[in-house]
Structure formats: C-alpha cells, structure tokens
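Q: Please take a close look at a single part of this structure and set it in the context of the whole chain. I would like one connected account, with the surroundings of that part described before the overall fold.

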Amino acid sequence: MTLDTEVSSLRQVPLFREVEPARLKLLAFTSERVHFEAGQRFFTRGDPADAAYLILEGEAAVSLDGPAGPIRLALLGANALVGEMGILADQPRSATVTAEGPTTALRIDRGVFLELLAQFPQISIAVMRELALRLEQTNQALVQSRA
C-alpha cells in the first residue's frame, strides 16, 4: 500500500478527520500496518503498553481471564482504538485483545501516539470521550449483572 493510500485510509477514521494531510502522512510513515488471523492476539494482559492499535478492518475481542474462563468485555470493529489505556496510564496491558477473524490494524508506537495527543487536542478529547463511554458501558454491565 502506498503512503498516499494509507493517508486516504486514515482520513476516513473519525478520530483523524481534523488532522492535516501532512501530519497524517507522518503518522502513516511512522506507523505499521499489521494483520492478524482469527484467534491471534494483539497483546495479552500484563504485556508492556508499547503501542496503540487502530482497527482498520475486522473485529477484535477485549477480554479478561475469569475463574470460569475468559470474560468478554467488548467487541471492537473498524475505526476503534485499542491499547491506549495502558499508554495513558503508563501501566501494563489491563486486558487481552484477540482478533475475531482476519483483522487489519495500524500499530501506532507509544511515543508517536503520545505526540499525536499532545499536538492535537481534538484527538485527545475524542480519546477521552471513548474511554468515558467504555467506562459507562462497563458500569451498566456491572449493574445488570448484579440485578
């Protein structure tokens, strides 16, 4: 895939719509397009948080190991960001993320991700909104599980 095609792909992602093309080109150049097969892990709980992943195609399950086996927390699809929590909290991965089927993602190195947030407040706000939404969904699921 050419750099210009990669920039066009990034332009379709709501998180990056406001980012100027020259910055998107730099993001595309400094990031890596990675492919996962069904069942292949992006990362495992406890791994170092060395990158965030932007899902371009396919789906990935976010899960935790429970006493009776894995507990699925979320199923994320195209344009979803995953792995950002460990970077923002400066902590190891808090969950395991596994491809549900063939999945393509953009691997954004930790330093590049933090620089992107620092340079583009609108991206930082979008990430915060997504994290707040996930927290609210988790809270609702917890309440329902206790009812």
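A: A strand here is a DSSP run of E with at least two residues, a helix is a run of H or I with at least four, and both are numbered from the N terminus. The model is a predicted one, and the part chosen for the close look is Thr 98, which belongs to strand β7, covering residues 96-99. Thr 98 has a relative accessibility of 17%, and because buried means under 20%, Thr 98 counts as buried. Leaving out residues up to four places away in sequence, Thr 98 touches Gly 39, Gln 40 and Arg 41, and also Glu 59, Ala 60 and Ala 61. Ala 99, the residue after Thr 98, is included in a core that will be taken up below, after the main one.

The surroundings can be followed through the pairing of strands. An open sheet is formed by four strands in the order β1-β8-β3-β6, with antiparallel pairing; its edge strands are β1, at residues 32-36, and β6, at residues 81-82, each of which pairs on one side only. Within this sheet, β3 (residues 51-57) and β8 (residues 103-109) are joined in the antiparallel sense over six bridges, and Ala 52 is found opposite Ile 108 of β8. Five bridges link β8 to β1, again in an antiparallel arrangement, with Thr 103 of β8 serving as the bridge partner of Phe 36. Six of the seven residues of β8 are buried, so this strand is largely enclosed by the rest of the structure.

The nonpolar interior comes next. The largest nonpolar core holds 23 residues, and those with the most contacts inside it are Leu 10, Leu 15, Phe 16, Leu 54, Leu 81, Phe 113 and Ile 123. At least two residues of this core come from each of α1 (3-11), α2 (21-30), β3, β8, α4 (110-119) and α5 (121-146). A second core, separate from the largest one, has 16 residues, including Phe 42, Tyr 53, Ile 55 and Ala 99. To return to Leu 10, its contacts beyond neighbours within four places in sequence are with Phe 16, Leu 24, Leu 27, Ala 28, Leu 54 and Leu 106.

At the level of the whole chain, there are five helices and eight strands, and from the N terminus on they run α-α-β-β-β-β-β-β-α-β-β-α-α. The radius of gyration is 16 Å, close to the 15 Å that the globule rule gives for 147 residues, so the chain is as compact as a globular protein of that length. The C-alpha trace spans about 50 × 30 × 25 Å along its principal axes, and 38% of the 147 residues are buried. Of the contacts between residues at least 6 apart in sequence, 73% join residues at least 24 apart. The chain exposes about 8500 Å², of which carbon and sulfur atoms supply 55%.

Finally, the unreviewed UniProt entry places the feature "domain: Cyclic nucleotide-binding" at residues 15-134. In this model the end C-alpha atoms of residues 15-134 are 16 Å apart, and the span is 33% helix and 36% strand.

How values were computed
Residues numbered from 1 in each chain as written. Predicted model: local features only at pLDDT ≥ 70, side-chain atom pairs only at ≥ 80, totals over all residues. Heavy atoms only, no water. UniProt positions renumbered as here; feature names shortened; annotations may be inferred. Pairing = 2+ DSSP bridges. Buried < 20%, exposed > 50% of the residue type's maximum accessible area, 1.4 Å probe, protein only. Core = buried A, V, L, I, M, F, W, Y, C linked by side-chain atoms within 4.5 Å. Contact = heavy atoms within 4.5 Å. Rg over C-alpha atoms; globule rule 2.2 N^0.38 Å. Areas by Shrake-Rupley, 256 points an atom, 1.4 Å probe, with all protein chains shown as cover.
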